[in-house]
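User: I would like a careful look at one part of this model, taken with the elements around it. Please give a connected account rather than a list.

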Amino acid sequence: MGTQIIIGQKHKVIKNTPTPNGMLYEGDVVVVTDLAGGHTEQARVEDMLGRIFHINPHLLELIT
């Protein structure tokens, strides 16, 4: 299953995700600001309040 992640676009969180900076809940809308590759595949996202989270990009779905 491939997911399309576009930097600067809005995405929806598809699963409740605990992070050190707080909880992202299923259905939350975030904007992807950066992607990091390598062994720790992470997406840097910002929620609508401006809080920054680092989560797995497989937990995101592009809003069209």
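What is the relative accessible area of arginine 51, and to which exposure class does that assign the residue?

Analyst: Arginine 51 has a relative accessible area of 43%, which makes it partly exposed; buried stands for under 20%, exposed for over 50%, and partly exposed for what lies in between, with a 1.4 Å probe and protein chains only. The model is a predicted one, in which local features need pLDDT of at least 70 and side-chain atom pairs count only at pLDDT 80 or more, whereas totals for chains, interfaces and linings use all residues. Residues are numbered from 1 along each chain as its sequence is written, and side-chain values use heavy atoms, with hydrogens and water left out.

The side chain of arginine 51 meets that of aspartate 47 in a salt bridge, at 2.8 Å from N to O; the term requires a side-chain nitrogen of Lys or Arg within 4 Å of a carboxyl oxygen of Asp or Glu. Side chains of opposite charge can pair when their charged atoms come close. Aspartate 47, unlike its partner, counts as buried, at 9% relative accessibility. The two side chains also make a polar contact at 2.8 Å, a term for a pair of N or O atoms within 3.5 Å, where within protein one must be able to donate a hydrogen and the other to accept it, and where residues adjacent in sequence count only if both atoms are side-chain atoms. A polar atom of the aspartate 47 side chain also lies 3.1 Å from the backbone nitrogen of leucine 49. Leaving aside neighbours within four places in sequence, aspartate 47 is in contact (heavy atoms within 4.5 Å) with Val29, Val30 and Phe53.

Aspartate 47 lies in strand 5, where a strand is a DSSP run of E with at least two residues, numbered from the N terminus. Strand 5 (residues 42-47) and strand 4 (residues 29-36) run antiparallel and are joined by six bridges, and DSSP must find at least two bridges between strands for them to pair. Within this pairing, aspartate 47 is the bridge partner of valine 30, while glutamate 46 is the partner of valine 31. Glutamate 46 is partly exposed, with a relative accessible area of 30%, and, not counting residues up to four places away in sequence, it touches Val30, Val31, Thr33 and Arg51. Strand 5 thus has two faces to compare: Ala43, Val45 and Asp47 form the covered face, and Gln42, Arg44 and Glu46 the uncovered one.

On its other pairing, strand 5 is joined to strand 6 by four bridges, again antiparallel. The hairpin of these strands has four residues between them, and there glycine 50 takes a positive phi near 95°. Further along, valine 45 stands opposite phenylalanine 53 and alanine 43 opposite isoleucine 55. In strand 6 the side chains alternate, with Phe53 and Ile55 buried and pointing to one face, while Ile52 and His54 point to the other and are not buried.

These residues lead into the interior. Ala43, Val45, Phe53 and Ile55 are among the ten residues of the largest nonpolar core, which also includes Val30 and Leu24; such a core is a set of buried Ala, Val, Leu, Ile, Met, Phe, Trp, Tyr and Cys residues joined through side-chain atoms within 4.5 Å. Strand 4, strand 5 and strand 6 each supply at least two residues of this core. In soluble globular proteins, nonpolar side chains tend to be buried together. Isoleucine 55, leaving aside neighbours within four places in sequence, is in contact with residues including Thr17, Leu24, Ala43, Val45 and Leu60.

Seen as a whole, five strands form an open sheet in the order 6-5-4-1-7, with antiparallel pairing. Strand 6 (52-55) and strand 7 are the edge strands, each pairing on one side only.

The structure holds two salt bridges. Besides the pair described above, glutamate 61 forms one with lysine 12, with the closest N and O atoms 3.7 Å apart. That pair links distant parts of the chain, 49 residues apart, with glutamate 61 in strand 7 (residues 60-62) and lysine 12 in strand 1 (residues 10-13). Glutamate 61 counts as partly exposed at 40% relative accessibility, and lysine 12 counts as partly exposed at 32%.
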